[in-house]
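Me: I'm new to this one and would like the reasoning behind the labels. Can we go through a few of them?

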Amino acid sequence: MADVALLEVRGLEKSFGGVAAIADLSFAVTEGQIYAVIGPNGAGKTTLFNMLSGVYVPTDGAIEFDDGSLVGLAPHQIATRGISRTFQNLQVFFNMTVLENVMVGCHLRSSIGLYRAALRLPGVVHEERQVRDWALEALAFCGLGHLADRSADALPYGELKRVEIARALAAKPRLLLMDEPAAGLNDTETVELRELIRRIGESGITVLLVEHNMGLVMEISDTVLVLDYGSRLAEGTATEIQNDPKVIAAYLGGEVQYAVQ
Amino acid sequence: MKRLHGFFAFVALVAMLPVLFPDNYFVTVVGVTIGFNIVLAVALNLFIGYAGQISLGHAAFFGMGAYASAILTTRYGWSPWLAMGVGLLAVYIIATLISRPILKLKGHYLAMATLGFGIIVNIIMVQTVDWTGGPDGMSGIPGLEIFGWAVDSDLRWYGVIAVVMLLTVLVSLNIIDSRAGRALRAVHGSEIAAQTMGVDTVRTKSQVFVFSACLASLVGSLFAHQQNFVSPVSFDFFVSIEIVTMVVLGGMASTFGAVFGAIVLTLLPQVLVVFDDYEILILGAILVSIMIFLPQGLFVGMTQGGANLLRRLRNRETPARAGADG
């Protein structure tokens with residue numbers, strides 16, 4: 001099948017003061033896939049994410065999304081292309097309710113500006129209602145409907161992580177970037193998260209995932225990319241990756257390679 | 001219209017005061033000053049309380065509006081309304097121009113930059129004697145006339161300022177409860193998350209800074225016509241600090257907190273004059289105590305405290321009722 005790449009990264013490079021965090025990295029994510037990026041700590045996963053979402057500008061290379069380049073765009077411009085993300089360290093708006101957090105996710109699907117809102121011109125009330133419905137829908141999808149009116153700073157960590165996912169989904173993205181969604185979750189929460197990611201994938205959203213939890217990655221990913229020292233070590237299906245001697249060596253150390261052989 | 005219940009109660013209070021206390025100095029004279037301060041505090045609260053930024057130079061915009069009205073009406077004989085409009089336009093342009101470079105700064109650096117801006121504007125007011133009259137200020141500024149209705153008594157000024165003040169409060173409530181208001185609070189909560197949701201944070205901050213400056217300019221023009229006199233001390237560094245104090249004292253990120261802060265901080269010195277020389281000491285002690293015991297601010301702290309108390313009372317009742325049911 002001739003799958004079309006939704007996201008294509010070619011020859012990507014990022015160095016900080018001469019140290020390359022990402023070096024000559026190329027990969028492509030097909031539309032509708034759940035694509036996981038794994039690698040030991042310091043392999044450059046978060047750096048890659050920050051480039052994809054516009055926080056960092058690449059030193060070199062190309063990032064194509066849906067036939068348009070993302071290089072040099074600010075984060076809010078990248079959001080307009082249909083890319084949304086969650087964060088490894090929580091970036092919840094703690095000064096708002098859960099519902100309001102998710103309503104911010106609808107920012108680009110709505111248009112009322114400061115002056116129209118100030119005068120509450122016709123259309124404001126209608127749009128508010130619409131945004132509220134969208135946000136409630138996203139909350140329900142993530143199993144948070146009952147927490148809508150709670151203040152975000154009163155929620156436990158696991159639920160806050162799902163608030164971030166709901167907020168990102170409320171933007172109706174084509175590509176969802178998830179930075180270590182399972183970090184800090186207990187086993188039950190991880191199982192719930194797995195089901196949630198699966199349903200996100202089934203709803204037609206392409207997911208790019210950075211994750212340390214191998215169980216989760218191997219169960220849900222269509223394709224896995226392994227990074228080591230900022231470049232590609234291996235790419236393939238979960239089974240291929242699990243049996244790749246290079247990957248085993250990188251994760252478990254050189255001696256194990258002999259043991260496997 | 002549940003979201004506006006508090007507002008309507010406030011409108012009723014403002015309308016009732018001059019009826020209940022006719023010819024009362026505190027209502028009609030101090031009331032007008034409170035009105036000016038409420039507008040300034042509510043406008044600044046959008047920028048510092050909600051968007052989480054800081055400005056220590058907001059009195060400069062208040063002063064620009066006032067001086068634009070003073071200079072254009074007394075030296076050039078313009079109509080007050082035209083002068084007010086031109087002052088507003090000038091402040092809009094100046095605030096827009098300085099907002100981009102200044103708002104790249106954060107925290108202490110933003111405080112320093114706005115502080116510097118405020119001081120520079122104040123120095124210009126003092127030094128350009130030919131225009132502004134220098135430290136002595138300018139007198140003879142005409143009063144205001146609205147379609148032939150002269151605003152020539154304390155009570156009439158109370159009415160005019162009350163309307164402007166109430167509209168400002170309404171506008172602030174409208175903004176906060178909207179997409180634009182959520183974008184402001186998102187910038188405060190997490191700039192990076194706001195950006196990834198598509199909020200142009202630079203533009204958002206700049207827009208609310210300019211909006212807040214424009215409100216200050218408008219109220220500055222009204223101030224000039226109401227006082228018939230302006231001088232640089234009304235717009236110096238200490239006034240900027242006072243407006244910030246009103247916002248913080250009442251409770252950040254709460255429109256009625258800013259209203260409450262402005263009322264308290266305008267009334268307190270008036271009440272404390274009976275202590276003569278000790279006035280400023282007692283004022284300071286009161287402010288420090290409020291910040292120690294109600295760090296979220298007077299209004300926010302008290303309403304939260306009240307809500308907690310209610311909840312505790314209700315929880316105490318619930319088991320009893322459950323027992324009765326069983």
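Reply: Sure. This is a predicted model. To kick off, H11(B) passes H12(B) in a right-handed crossing.

Me: What makes H11(B) oblique to H12(B)?

Reply: Look at the angle: helix H11 (residues 237–250) of chain B and helix H12 (residues 255–272) of chain B pack at about 120 degrees, with their axes 7 Å apart. Roughly perpendicular covers 65 to 115 degrees and roughly antiparallel starts over 145, so an angle that fits neither of these, nor the roughly parallel class under 35, counts as oblique. That is why H11(B) is called oblique to H12(B).

Me: Which residues meet where H11(B) packs on H12(B)?

Reply: From H11(B), Glu242(B), Thr245(B), Met246(B), Leu249(B) and Gly250(B) meet Gly257(B), Gly261(B), Ala262(B), Val264(B), Leu265(B) and Thr266(B) in H12(B). Sort the residues of this contact and you get five nonpolar, five polar and one charged.

Me: Over to chain A. How do you know that strand E3 (residues 34–38) of chain A is largely enclosed?

Reply: Buried means under 20% relative accessible area, and five of the five residues of E3(A) are buried, so the strand is largely enclosed by the rest of the structure. Ile34(A), Ala36(A) and Ile38(A) point one way, Tyr35(A) and Val37(A) the other, and all are buried.

Me: Why is E3(A) said to pair with strand E8 (residues 206–210) of chain A?

Reply: Pairing takes at least two bridges. Four join E3(A) to E8(A), and the two run parallel; the partner of Ile34(A) is Val207(A). Four bridges also join E3(A) to strand E9 (residues 223–228) of chain A, again parallel, with Ile38(A) opposite Val226(A).

Definitions and conventions. Residues are numbered from 1 along each chain as its sequence is written. Chains are lettered from A and ligands numbered from 1 in the order in which they are written. This is a predicted model: local features need pLDDT of at least 70, side-chain atom pairs count only at pLDDT 80 or more; totals for chains, interfaces and linings use all residues. Side-chain values use heavy atoms; hydrogens and water are left out. Buried means under 20% relative accessible area, exposed over 50%, partly exposed in between (1.4 Å probe, protein chains only). Axes are lines fitted to C-alpha atoms, for helices over the stretch in contact, and angles run from 0 to 180 degrees between N-to-C directions. A crossing is left-handed if the near helix is turned anticlockwise from the far one by less than a right angle, and right-handed if clockwise. Contact means heavy atoms within 4.5 Å. Ala, Val, Leu, Ile, Met, Phe, Trp, Tyr, Cys and Pro count as nonpolar, Asp, Glu, Lys and Arg as charged, and the others, Gly among them, as polar.
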